[in-house]
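Visitor: I would like to learn how to read a structure like this one. Where do we start?

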Protein chains: 2
Amino acid sequence: MDDWDNYRLILALARSGTMRAAAIDLGLTHTTVSRRLAVLQDARGRLFEKTTDGYVATALGYALIEVAEKMESLSLAGARHQRALDQEIAGTITLSLPEAIAQYLLLEDLLEFTQLHPSIELRVETSYRFVDLDRSEADVVIRGAQEPPDHLVGQRLFPNFVTYYANKEYLETTPRSELRWIAPTPEARTPGWLENSPFPDAPIAIGIDDITARHRALVKGMGLSRGACFMADPEPSLVRLTSKPPEPQQDIWVLTHPDLRQTPRIRVLMDFIARAMRDKKSLVLGQLPAA
Amino acid sequence: MDDWDNYRLILALARSGTMRAAAIDLGLTHTTVSRRLAVLQDARGRLFEKTTDGYVATALGYALIEVAEKMESLSLAGARHQRALDQEIAGTITLSLPEAIAQYLLLEDLLEFTQLHPSIELRVETSYRFVDLDRSEADVVIRGAQEPPDHLVGQRLFPNFVTYYANKEYLETTPRSELRWIAPTPEARTPGWLENSPFPDAPIAIGIDDITARHRALVKGMGLSRGACFMADPEPSLVRLTSKPPEPQQDIWVLTHPDLRQTPRIRVLMDFIARAMRDKKSLVLGQLPAA
DNA sequence: CGTCATTGGTGCAAAATCGTTCCAAAGAAG
DNA sequence: CTTCTTTGGAACGATTTTGCACCAATGACG
């Protein structure tokens, strides 16, 4: 018995009496319980005897059940301890981050964070109204920037990569002369984006400020667009317009105020975000999985 | 964390500091430790932080390490308890069984039994001198018999099946007229065995009393022979002489004296033997694995 | 006494886990 | 500063584990 999980098996079988019931308790099937018990008893000797009404522990089995019961109370005490620890970092955090990242990159992760830390109330603020971060009410900020921002501390992750996309069907059914661009509003356009694109002669049909609205229009086949890899690559209806590698844009930063940095609650969130982002690094860099 | 074995992982990592060392402690590789820790921390939050000299537990990690330490002492106490229980059934058992079964069927199992119950000294007696079991010094007896034996109690398992065999090379290279039988001594022969055999006209070259000696001669290609399936089937150099199903011989019994039957030590051994035999039932019945 | 439900076991295919082999990064040693 | 060792992670193939669909055996119930 070099697998402590076997104690859980013993406990479930002792309590429920039958393999099928024990399997349900453990979230398994009766075959798995049967096989695991078989190897366990081969290694440690008979633990249960099959009687007319279920499995009954032998002397040895009973000894191990007692161990398992104590282990269970330990485990439950550990869970309580964990909740108590989480209480110590209870409070509210306001997180400000770009709408696109919130919706397309970190949505599930942020939900997971709230489940992992029930004592933390997380408020997500996706508007860009707070351009001046010092005056912002946010505690933690995710933003793209070239330089380390003043008065804020944190870590730089990696650049956000973009390239050119279109809806596959739109691209195949639209005559080349009819292709149109969906662009940001003029002041937000990257210099040279059109000239370096695969279709520099196509006209700009519309300028949309909101990045997710632009993405929706792109997915619906309303035109060509330059967009973030992490938004477009997972969308199966979209194809890249060029085989050239995506281009890096601004670096992504995870930031907070210097006087909040040592706050455990803040540290936990920033660490969590950094970890979640790194897990998606290849997606943000636009590295296609099997290409 | 619905797998208590993860506590072992935490403990090993906390003690050794690096994944590679922890992996060695656990008998695994560092990749496995790394992956398991990753999913664990995804589910329960950060438990360790990577510092310049190894992994250091966070507050949460430390709480779980304490749980794991207590679990470990529980597990060790359980192992001591098991040894103590085994002491209660300490003593000597003399087991009498046919030489063929001892050598070809239960050898590993009996060894395993002594490891499982170090407090029991098992003496194996394979001679057939004790034909009268009441006068035998054996505590437990395995024997073949048609009827439930007098003055002894226990359980009947299943019949021992036999059929006809030869060394494959011997069969292919020997002219049919040169084929010879290796038989038991005349008084031990089953009536009609020769007439019902595939080669009823082949002469009997030799009569050997000892069953294992007969088997060895058969394997060495010294002739045809009728023998137990559980001895011959696992031997790759032997082939069956007939496609007819093997014939049942005497039932196999596991027996003891009535006044010993309730002795825990005896019960443990008899239960173990019955279980081991049932695991090999298809082998004894001569049911070929992939035929 | 027959029917039906429940139990645990078997064979096979799918899935998760693991080990091997590689590699980049970071410290330690020279 | 360079070299070398040690660390942990990634990709891939192999093994193990697991679930599913059956089945025989046993007991419950009408």
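Guide: We take the contact between two chains, then one helix. Keep in mind that this is a predicted model.

Visitor: How many residues does each chain give to the contact?

Guide: Chain A gives 34 residues and chain B gives 34 residues. Together they bury about 3000 Å², with 58% of that area from carbon and sulfur atoms. On the chain B side, Trp4(B), Leu74(B) and Gln82(B) supply 23% of the area buried against chain A, more than any other three residues.

Visitor: What polar links join chain B and chain A, and how many salt bridges are there?

Guide: A salt bridge pairs a nitrogen of Lys or Arg with a carboxyl oxygen of Asp or Glu. Between chain B and chain A the count is 2. One of them joins the side chains of Asp271(B) and Arg46(A), at 2.9 Å from N to O. The interface also shows 10 residue pairs in polar contact.

Visitor: Which element gives the largest share of the side of chain B that touches chain A?

Guide: Helix 4 of chain B, with 15 residues. By class, that side of chain B has 14 nonpolar, 6 polar and 14 charged residues.

Visitor: Now a single helix. Which residues of helix 8 of chain A are buried?

Guide: Start with the general idea. An α-helix has 3.6 residues a turn, so residues three or four places apart point the same way. In helix 8 of chain A, residues 211–219, the buried ones are Thr212(A), Arg214(A), His215(A), Ala217(A) and Leu218(A).

Visitor: What do the buried residues of helix 8 pack against?

Guide: Their partners in chain A include helix 5, strand 6 and helix 9. Just after helix 8, Gly221(A) has a positive phi of about 80°.

Technical notes:
Residues numbered from 1 in each chain as written. Chains lettered and ligands numbered in written order. Predicted model: local features only at pLDDT ≥ 70, side-chain atom pairs only at ≥ 80, totals over all residues. Heavy atoms only, no water. Contact = heavy atoms within 4.5 Å. Buried area = accessible area lost by both parts, 1.4 Å probe. Salt bridge = Lys/Arg side-chain N within 4 Å of Asp/Glu carboxyl O. Polar contact = N/O pair within 3.5 Å; in protein donor to acceptor, adjacent residues only side chain to side chain. Helix = DSSP H or I, 4+ residues; strand = E, 2+ residues; numbered from the N terminus. Nonpolar A, V, L, I, M, F, W, Y, C, P; charged D, E, K, R; others polar. Buried < 20%, exposed > 50% of the residue type's maximum accessible area, 1.4 Å probe, protein only.
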